Amino acid sequence: MAKRVVIDPVTRVEGHLRIEVEIENNVVTNAWAQGTMFRGIEQILQGRDPRDAVYITERVCGVCMASHGWTSAMAIEDAQGASVPRAAQLIRNLIAGSLWLHDHPLHFYHLSALDYLDVLAVNHYQGNVAELLAVKNKIMSLVTAGDTAPLTPRYQPDSYSVRDPEIVTTALAHYLEALKIQGKAKKMSAVLGGKQPHQSSIVVGGVTIYPRKEQLEAFRTLLNEVVSFAELTYVPDVVSFCTGPLLELGKAGVGAGPGGYIAYGGFPMDDSGTEKLFKGGFISSEAPGVVEALDMSRITESAASAWYKEGEPAHPWAGETVIDFDKKGAYTFIKSPRYKGEAAEVGPLARMLVMQHSGLLDLMGRYGIKPGAVARHLARAQETLLITKSMYRWLDDLETLLGSKTVRPDIHDSKHWDPPAQGQGAALNEAPRGALGHWLKIDQHVISNYQMVVPTTWNISPRDEKNIPGPVEQALIGVPVDPDNPVNVVRVIRSFDPCLACAVHLIDADGEKIVKI
């Protein structure tokens, strides 16, 4: 007889996520991902000045906020016909790129690594490295005091957990170091963004900041420290874990998902903005390895399983966000985005596969790692290296532009301060968690409709009108799991780095723990 396990809320993710799985013979046979929070950002934007959207959409999330503000500005620029000066493009890249360098190490150390560590193994560390002894003493003092947050609550270690005292103690030392690096990465973004969270520099048409030499020097100093940690600690840790203790999970492709991948492309690399660091494209589950050119018109959203008004799958420009609490068969506040009718994964693994990144493909081939939870961690680390190298290029180019003795470079398209009376615009971009799209319509100078299809909407989407499960739901099916200790379930979920705050637009105060039926 099947057992049903409910995890509500799933911790160490952004927002409110409930997961239900059915288990037979210690394998997941069915799964439902439920976003249990409604926010109404899209309704708040209706009737507002389009320029307000940059700042309102940033309040969707406190982690990838610059990505939303940037994408919103791009959508309005599309409606206005505005062009963004190269200096402004570089500043936007640096603001957003700083937050990618904040987000990726955060995800590995603080959101995911604890799923793979027997934290109490630190008590058996017998070495004499002062830094590691200090970590051991810190952790064990928390255990003695009965206050082990944020290392708990968590499920019990299992056969895949790392128990080697030196590896665990070193990982926890890096966990603590990464907390400091997060702060430095956010400072970098604040230097050019005015503040963080929720920057104030990106506006429709460009940016408002004209950086002084001292600001750029401060940015570079912080960048050196963050990049050093990313390249010398974070990436080696990820590769070491994924090709060592987690290799069995990687070879088995645990948490593989639907096999379809989509990336929009992001970070302009030239004056026109057409050449991008991350390429856009689509890989169908029916043609693995074949990258198709992206066609925005093939994106639709279904509300078949969501607490929204029923209707045919619609392109975001024609989409609605109208609540229907009494809808039969609905179980989430998340819609179901599809590309050509297919469920598709977004995020680092999708980006790296779409751009056929040789570093990731070589690692996966050398160690026999299949697409799945482990491959997502590897992909996130590999694209971090792309970001670190690009940050120096963007900073160098910006310093060259600003250092010109003859021409003061523009940072804003001043011809497009005011929104048009009528129009519509769209922007496809990449956020740390994956493909991000904003669509809006303008009537009588104000927003008449605004739709956001964010990365976690793609990944945590529910069953659509054809009853096809979303990527996370499909990724959970087939996962080996102990019903009394479902750690493998949360390992797969967290490998996607969900952000429910972005994906849903009511919280049950009595959140369930584990329930077995």
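Trainee: How many of the eight residues of strand β15 are buried?
Mentor: Good place to start, and keep in mind that this is a predicted model. Strand β15 covers residues 446-453. The strand is largely enclosed by the rest of the structure, because its count of buried residues is six.

Trainee: Which strand is joined to β15 by seven bridges, and do the two run parallel or antiparallel?
Mentor: Strands of a sheet pair through backbone hydrogen bonds, and they can do so in either sense. One place to look is Asp 443, which stands opposite Val 446 in β15. Asp 443 falls within the strand made of residues 434-443. The partner is therefore β14, and the direction is antiparallel.

Trainee: What is the phi of Gln 444, in the turn of the hairpin?
Mentor: The hairpin is formed by β14 and β15, with two residues between them. Most residues other than glycine have a negative phi. Gln 444 has a positive phi, of about 55°.

Trainee: Which strands stand at the edges of the open sheet that holds β6, β9 and β10?
Mentor: Follow the order of the three strands, β6-β9-β10, with antiparallel pairing. A strand at the edge has a single partner strand, so one side of it is left without a neighbour in the sheet. That describes β6 (261-263) and β10 (291-292).

Trainee: Which residue of β9 is the bridge partner of Ala 263?
Mentor: β6 and β9 pair over three bridges, in the antiparallel sense. Ala 263 is matched through one bridge with a residue in β9, namely Gly 281.

Trainee: How far apart in sequence are the parts tied together by Trp 100 and Phe 267?
Mentor: These two rings form an aromatic pair, one of 14 in the structure. Their centres are 5.2 Å apart with 70° between the planes, which makes the pair edge-to-face. Trp 100 lies in helix α4 and Phe 267 in strand β7, so the distance along the sequence is 167 residues.

Trainee: Is Phe 267 buried or exposed?
Mentor: Buried means under 20% relative accessible area. Phe 267 has a relative accessibility of 1%. With that value under the cut-off, Phe 267 counts as buried.

Trainee: Which residues are linked with Phe 267 into a cluster by ring pairs?
Mentor: Start from the pair you have just met, Trp 100 and Phe 267. Ring pairs bring other aromatic residues into the cluster as well. Besides Phe 267, the members are Trp 70, Trp 100, Phe 278 and Trp 394.

Trainee: Is the pair of Phe 282 and Tyr 339 stacked, edge-to-face or tilted?
Mentor: A pair of aromatic rings is described by the distance of the centres and the angle of the planes. Here the centres of Phe 282 and Tyr 339 are 4.6 Å apart, and the planes meet at 50°. Planes under 30 degrees apart count as stacked and over 60 as edge-to-face. The angle of 50° falls under neither heading, so the pair is tilted.

Trainee: Which strands hold Phe 282 and Tyr 339?
Mentor: Phe 282 is buried, with a relative accessible area of 0%, and Tyr 339 is buried too, at 1%. The pair ties together parts that are 57 residues apart in sequence, because the two residues lie, in turn, in β9 (residues 281-283) and β12 (residues 336-339).

Trainee: What is the volume of the largest pocket, and which residues are closest to its centre?
Mentor: The space in the largest pocket is about 470 Å³. Its lining takes at least two residues each from α3, α4, β7 and β13. By class, the lining has nine nonpolar, eight polar and five charged residues. Of the 22 lining residues, the closest to the centre are Met 74, Glu 77, Gln 89, Ser 272 and Gly 273.

Trainee: Which elements give two or more residues to the lining of the largest cavity?
Mentor: The largest cavity has a volume of about 50 Å³. Among its lining residues are Pro 348, Leu 349, Arg 376 and Arg 380. The elements you want are α9 (348-354) and α11 (373-402).

Trainee: At what distance from the ring centre of Phe 496 does Arg 376 lie?
Mentor: Both Arg 376 and Phe 496 belong to the lining of the largest cavity. Arg 376 lies over the face of Phe 496, and the distance from the ring centre is 3.7 Å.

Notes: Residues numbered from 1 in each chain as written. Predicted model: local features only at pLDDT ≥ 70, side-chain atom pairs only at ≥ 80, totals over all residues. Heavy atoms only, no water. 1 Å grid on protein atoms, 1.4 Å probe; cavity = no way out; pocket = protein on both sides within 12 Å on 5 of 7 lines; lining within 4 Å. Points joined across faces, edges and corners; volume = space filled by probe spheres on them. Helix = DSSP H or I, 4+ residues; strand = E, 2+ residues; numbered from the N terminus. Nonpolar A, V, L, I, M, F, W, Y, C, P; charged D, E, K, R; others polar. Phe/Tyr/Trp six-rings, centres within 6.5 Å; stacked < 30°, edge-to-face > 60°. Buried < 20%, exposed > 50% of the residue type's maximum accessible area, 1.4 Å probe, protein only. Lys NZ or Arg CZ within 6 Å of the ring centre and 35° of its normal. Pairing = 2+ DSSP bridges.
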